[in-house]
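Student: I'd like a close look at one part of this model, namely any closed-off space inside it. Tell me what surrounds it, and carry on from there to whatever it leads to.

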Amino acid sequence: MRAPISVIVPTLNAEHQLGACLTALMPGLEAGLIRELIVTDGGSDDATLAIARAWGAETVEGPASRGGQLARGCAQAQGMWLLVLHADTVLQEGWVAAVVKHLETHEAGWFKLRFAQGGTAGRIVAGWANLRSRLGLPYGDQGLLIPRALYSDVGGYPDQPLMEDVAIARALRGRLRALDAIALTSPARYHRQGWLRRGAHNIWTLMRYFGGASPHQLAESYRR
């Protein structure tokens with residue numbers, strides 16, 4: 001029986017993060033869970049693709065757009081389950097058992113968020129993120145484990161540069177479960193901009209999106 005999971009990782013100049021993300025997947029490979037690794041790149045001009053290929057990943061290239069990259073990667077996947085991870089997300093010890101248990105369901109799952117070296121501010125922001133996720137709105141840095149059939153039923157990822165994770169979470173409302181495992185993610189943006197400022201900006205961006213703002217306009221504001 002073939003391994004059930006295709007792992008899809010969107011990248012853009014992720015040479016410094018990708019290795020840790022992929023190393024954390026090794027227990028899943030050893031347990032016979034991972035069928036293939038797909039790195040879907042948005043035009044990196046660093047060593048990202050070389051690193052991905054050295055790890056044996058299939059690479060897909062196209063324009064830089066998180067939603068478009070994920071749609072292309074998922075379209076190439078052959079597994080019965082899709083595990084979508086950001087390049088700066090590192091699954092923590094125990095994730096394999098949590099995933100094996102979840103494979104008995106027919107629903108999508110997300111990992112509990114924790115920040116690397118986030119301190120008190122990081123714990124507060126992660127607590128809010130996990131509460132938001134329990135209310136049906138996990139973000140992409142928490143990973144998404146989803147049956148291929150369910151992914152197809154909800155229409156997959158939209159080709160948009162931002163809020164693609166919110167879009168698919170809304171489509172999956174009522175079909176999302178918390179996995180009993182941790183996804184450790186980078187706090188780099190929060191460290192650069194400040195925890196309060198970055199958190200407020202994220203909430204404002206989400207409110208604008210719910211209010212009908214274009215994902216392309218939001219992406220420009222987000223990058224600034």
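Tutor: The largest cavity holds about 100 Å³ of space (on a 1 Å grid, points where a 1.4 Å probe fits but cannot get out; the volume is what probe spheres on those points fill). The model is predicted, so local features need pLDDT of at least 70 and side-chain atom pairs 80 or more, while totals for chains, interfaces and linings use all residues. Numbering starts from 1 along each chain, and side-chain values use heavy atoms, without hydrogens or water.

Thirteen is the headcount here: of the 13 residues lining that cavity (an atom within 4 Å of a point), Tyr139, Gly140, Leu144, Tyr157 and Asp165 sit closest to its centre. By class, the lining splits into eight nonpolar, three polar and two charged (Asp, Glu, Lys and Arg are charged; Ala, Val, Leu, Ile, Met, Phe, Trp, Tyr, Cys and Pro nonpolar; the others polar).

Helix H8 (residues 164-171) gives the largest share of this lining, four residues (helices are DSSP runs of at least four residues, strands at least two). Six of the eight residues of H8 are buried, so the helix is largely enclosed by the rest of the structure (buried is under 20% relative accessible area). They are Glu164, Asp165, Val166, Ala167, Ile168 and Ala169. What do they pack against? Helix H4 (66-76), strand E7 (144-147), helix H7 (148-153), strand E8 (176-185) and H10 (contact is heavy atoms within 4.5 Å).

H8 also leads us to the largest pocket, where it supplies at least two lining residues, as do H4, H9, H10 and H11, among others. That pocket (an open set with protein on both sides within 12 Å along at least five of seven lines) has a volume of about 1,500 Å³. Its lining runs to 49 residues, with Arg66, His86, Arg189, Arg198 and Tyr222 nearest the centre. Nonpolar residues number 26 in that lining, next to 13 polar and 10 charged.

H10, one of the partners of H8, provides the largest share of the pocket lining, nine residues. And H10 has a neighbour worth following: in H10, Arg198, His201, Asn202, Thr205, Arg208 and Tyr209 meet Pro215, Leu218, Ser221 and Tyr222 in H11. That contact comprises four nonpolar, four polar and two charged residues. Arg198 and Tyr222, on either side of it, are among the residues nearest the pocket centre.

Note on methods. Buried < 20%, exposed > 50% of the residue type's maximum accessible area, 1.4 Å probe, protein only.
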